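This report goes through two chain interfaces and two single residues. Please keep the sequence and the model at hand while reading.

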Number of protein chains: 4
Amino acid sequence: MSEIRNKQIIGVIGGANPNERALKNAFTVGSLIGKNNAILLCGGLSGVMEAAAKGAKKEGGLTIGVLPGYSRYEANPFIDIPIVTGLGYSRNSLVAMNSDILIAIDGQFGTLSEIAYGCIYKKKVIGLNTWNINGVIRAESAEKAVELALSNTLKF
Amino acid sequence: MSEIRNKQIIGVIGGANPNERALKNAFTVGSLIGKNNAILLCGGLSGVMEAAAKGAKKEGGLTIGVLPGYSRYEANPFIDIPIVTGLGYSRNSLVAMNSDILIAIDGQFGTLSEIAYGCIYKKKVIGLNTWNINGVIRAESAEKAVELALSNTLKF
Amino acid sequence: MSEIRNKQIIGVIGGANPNERALKNAFTVGSLIGKNNAILLCGGLSGVMEAAAKGAKKEGGLTIGVLPGYSRYEANPFIDIPIVTGLGYSRNSLVAMNSDILIAIDGQFGTLSEIAYGCIYKKKVIGLNTWNINGVIRAESAEKAVELALSNTLKF
Amino acid sequence: MSEIRNKQIIGVIGGANPNERALKNAFTVGSLIGKNNAILLCGGLSGVMEAAAKGAKKEGGLTIGVLPGYSRYEANPFIDIPIVTGLGYSRNSLVAMNSDILIAIDGQFGTLSEIAYGCIYKKKVIGLNTWNINGVIRAESAEKAVELALSNTLKF
């Protein structure tokens, strides 16, 4: 069995047009995912997705981007494995489906759909200054969010 | 141009396991959609989807069900046009995409994903005892919800 | 149970840029589908899809178009029920999936993918001057193709 | 820019129930892809997909599997990066879309749909004892197929 297969996949979701705080949080979350040898998965585009992937690559982590379009050149430069889907926004379902656990940072309706899919697919969803949805576990900081994601003993 | 093409398509979204009030609201919403000669579109399964389709058919309306699976026999008996997708929950995106306007009744995370897609696709989303999401227009009754949906002068 | 639900759905597949003979065949196939009270389903765009839908509407038939894009206004004017998917060419799978039986007329690689999906989903595929694929039943004329499609006793 | 992003992605398509010769060819094709530092992408399941991935991993290559279902544990053990889609057979479109070039080995209708999508998406498709389709470049051996795939000067 491939070594990569044993790694945890942490999905980071959030919008393409975040504020400064969200960008900083995304970068920190990505860095900690990379440092802890987990795989970062995201929607592959800009904003939160790019900041998180940038953080993960800084630490030598592996990054996967599940893209809405047809060309892998649409992925931000910090994505190692761009997966194109041609599904448009319906790819949000695949972002949630491919993650073991999700960290939502800021975000608009696209992020809301990914939070909903995370809950549909019975994934734990950790929220950092994002939609206040029943079922999402709130984290107070980027560090706490990744700690919760990495923890095997996450309680609801 | 086909006459049917000129009709408004109202999507009714809501869960498969609603409470009594939601079922009654769904039936009333469906009835009013049928009576007003609009097309009812839904996810094609049970609960809110079935009650709304039943109401629409009672009034001689046309009903479309966008199904998650591969067999049109999974549609509830009040669906005229079952469309199979084989997309599982990713079909929620298509329910929103195919509606001119959405009425959300009760519902769990599936409904939340459809509300999110409605907003992503710039559709008006009217809520009846459902998720309290910024951007959803709250209606106080089934009658009011359909009135808002049918209105050309809907204001935000 | 809705009366429409009892009708046979015949999928007509073929390219957007057919030759004259293919267009004529598509129109005849569509007319015979409409005359025989079956539902015509197709990809909703131009060429074979439009000619077949035009034929079906001339005879008062019902037509469904499963579209690749997001706007139902992309459907040709002879489609009663346009279904948008946002799936691009991946919607070819849904065209096959939603048909009880398929008639392929002329066509390029899009049609080939629909023939393949028809066979994957265990639908009978009748071919009229189209790809020569093992498993496709060849018809010599538009009339024969529809006769085969309508027949309950189709033998391989 | 990630180093992995510069690698060529070669898609290997073929059925889950191939004969001995096809399995042997798939293993050789995969081995040569791995040895030449390209990425092997496939449908992630058994048969040709598994033999090719096994070959690639033997040479230390990277393998991606685009799966029809929801669980990455359905991937064969030689897949490094399993991507779940929940799209069923509609995922065949994504297998073609994510490859720079395709090598088809043996195969049934699923493979035929992937060949068709390869051509739709303007990818070169190299065939090894597979469907005889106009537009597919025939190779006489596994070695020749990979040589053609790796070549930048492939002519039609």
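How many salt bridges does the rule find across the interface of chain C and chain B? The rule finds two. The model is a predicted one, and the values below are computed from it.

## Interface of chain C and chain B

Chain C brings 29 residues to this contact, and chain B likewise brings 29 residues. Between them the two chains bury about 2400 Å², with 58% of that area on carbon and sulfur atoms. On the side of chain C, the residues that lose the most area to chain B are Arg5(C), Arg72(C) and Met97(C), which together make up 27% of what that side buries.

Asp100(C) and Arg72(B) form a salt bridge, in which the closest N and O atoms lie 2.9 Å apart. Polar contacts also cross this interface: the rule finds eight residue pairs, with both residues at pLDDT 80 or more. Three elements of chain C each give two or more residues to the side that touches chain B, namely strand 3 (62-67), strand 4 (81-84) and helix 3 (92-97). Strand 4 of chain C has the largest share, four residues. Sorted by class, this side of chain C holds 18 nonpolar, six polar and five charged residues.

## Interface of chain A and chain B

Here 18 residues of chain A meet 18 residues of chain B. The buried area is about 1500 Å², and carbon and sulfur atoms give 76% of it. In chain A, the most area is lost to chain B by Phe109(A), Tyr117(A) and Ile120(A), together 35% of what that side buries.

Across the interface of chain A and chain B, the rule finds zero salt bridges. It does find four residue pairs in polar contact, both residues of each pair being at pLDDT 80 or more. On the side of chain A that touches chain B, helix 3 (92-97) and helix 4 (109-120) each supply at least two residues. Helix 4 of chain A gives the most, with eight residues. By class, this side of chain A has 12 nonpolar and six polar residues, and no charged ones.

## Asp106 of chain D

Asp106(D) sits in the loop that lies between strand 5 (101-105) and helix 4 (109-120) of chain D. Which side chain of opposite charge is nearest to Asp106(D)? It is Arg21(D), 6.1 Å away; Asp106(D) is buried yet has no salt bridge. The distance to Arg21(D) is 6.1 Å, whereas a salt bridge requires the nitrogen and the carboxyl oxygen to be within 4 Å.

With neighbours within four places in sequence set aside, Asp106(D) is in contact with Pro18(D), Asn19(D), Ala22(D), Thr111(D), Leu128(D), Asn129(D) and Thr130(D).

## Ala16 of chain B

Ala16(B) belongs to the loop between strand 1 (9-13) and helix 1 (20-35) of chain B. Is Ala16(B) buried, exposed or partly exposed? Ala16(B) counts as partly exposed because its relative accessibility is 34%, and the partly exposed class lies between 20% and 50%.

Ala16(B) and Gly47(B) are 31 residues apart along the chain, while their C-alpha atoms are separated by 4.1 Å. Gly47(B) is also one of the residues that Ala16(B) touches, along with Ser46(B) and Met49(B), when residues up to four places away in sequence are not counted.

Notes. Residues numbered from 1 in each chain as written. Chains lettered and ligands numbered in written order. Predicted model: local features only at pLDDT ≥ 70, side-chain atom pairs only at ≥ 80, totals over all residues. Heavy atoms only, no water. Contact = heavy atoms within 4.5 Å. Buried area = accessible area lost by both parts, 1.4 Å probe. Polar contact = N/O pair within 3.5 Å; in protein donor to acceptor, adjacent residues only side chain to side chain. Nonpolar A, V, L, I, M, F, W, Y, C, P; charged D, E, K, R; others polar. Buried < 20%, exposed > 50% of the residue type's maximum accessible area, 1.4 Å probe, protein only. Lys, Arg positive; Asp, Glu negative; His and termini not counted.
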